[in-house]
Amino acid sequence: MKIKKILIDKKENKYYWKEGDFHSSLGKIGEKDIISGNIKSHLGKEFICFNASFADNVLNMGKGPAIMLPKDIGFIISYSGINEKSRIVEAGAGSGVLTAFLSNISHDVYSYEKNESNYNLARKNLDELGIKTNLKNKDITEGIDEKDIDLIMLDLPNPWEVLKHAEKSLKSGGFLISYLPAITQVQKLVDSKGDNFFFDKAIELIEREWYVEGQKVRPKSRMIGHTGFLVIFRKI
Ligand SMILES: C[S@@+](CC[C@H](N)C(=O)[O-])C[C@H]1O[C@@H](n2cnc3c(N)ncnc32)[C@H](O)[C@@H]1O
């Protein structure tokens, strides 16, 4: 079931509301009151309330394997220029977070996941949000069924084993983007590139949030530092 509303109390704690009466240590708010926007608990505690977004729902789906984060997903989407007409192949689906964001842009997403329990998790997560995707319980190193692909996005440990299939599936100029946690994997992938891909770049994105609270206007001490490198190839 989807998260419908976000409730925020005076201490800025966030609560995700799906349906029914809302209960917390700050009291109860009836379902009808939440829907009508009268967000005060029976103990007189006030909340801010607004509608949940697509990203609120996707980023709060059930988690299995590590998910990709918006900082990396945003780059992939903008840099590859995908749109509603793009044909996209992705592996592995994992928890389905990247799959969901890609499927929010194009209805032509083919997602491979070799592990059965991760496949079931991604299937459940995507179904709960009503996201239509061609999800396959299949090892992508055994082959890619689709042709004329604009973007192949790999979040798996051995992308070099996918290159021979990717070069037959991608359009000229199509993007192959790999998300890899270790620089040794980046090196091995680039060394395996062959003659049919152009190595565009390898990047790392770091997200640092700031306090903006009165005189306290400075970066937070903790940040989202290393998640993974993004390696971008173009099909020649
Ligand atoms: C880190 S998770 C992906 C997380 C996903 N990008 C997300 O944002 O939710 C990596 C997934 O790749 C799957 N996987 C690894 N090798 C694969 C392969 N050869 N074919 C398909 N899936 C594979 C694993 O089972 C795992 O579920």
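**Close-up 1. The shell around the ligand mixes 10 nonpolar, 7 polar and 4 charged residues.** Here Ala, Val, Leu, Ile, Met, Phe, Trp, Tyr, Cys and Pro count as nonpolar, Asp, Glu, Lys and Arg as charged, and the others, Gly among them, as polar. Of the 21 residues around the ligand (C-beta atom, placed from the backbone, within 6 Å of it), P65, G92, G94, V97 and N115 come nearest. Please note that this is a predicted model: local features need pLDDT of at least 70, side-chain atom pairs count only at pLDDT 80 or more, and totals for chains, interfaces and linings use all residues. Residues are numbered from 1 along each chain as its sequence is written.

**Close-up 2. Helix α3 spans residues 70–80.** Helices (H or I, at least four residues) and strands (E, at least two) are DSSP runs, numbered from the N terminus. D72, I73, I76, I77 and S80 are buried in α3, meaning 20 or more other C-beta atoms lie within 10 Å of their own, while exposed means 12 or fewer. Seen down the axis of α3, the buried residues fall within an arc of 130° (taken from the directions from the helix axis to the C-beta atoms), so they line one face of the helix. Exposed K71, G74 and S78 sit on the face turned away from that buried side.

**Close-up 3. β10 and β14 pair in the antiparallel sense over 6 bridges.** Pairing requires at least two DSSP bridges between two strands. Which residue of β14 is the bridge partner of Y179? Look for L230.
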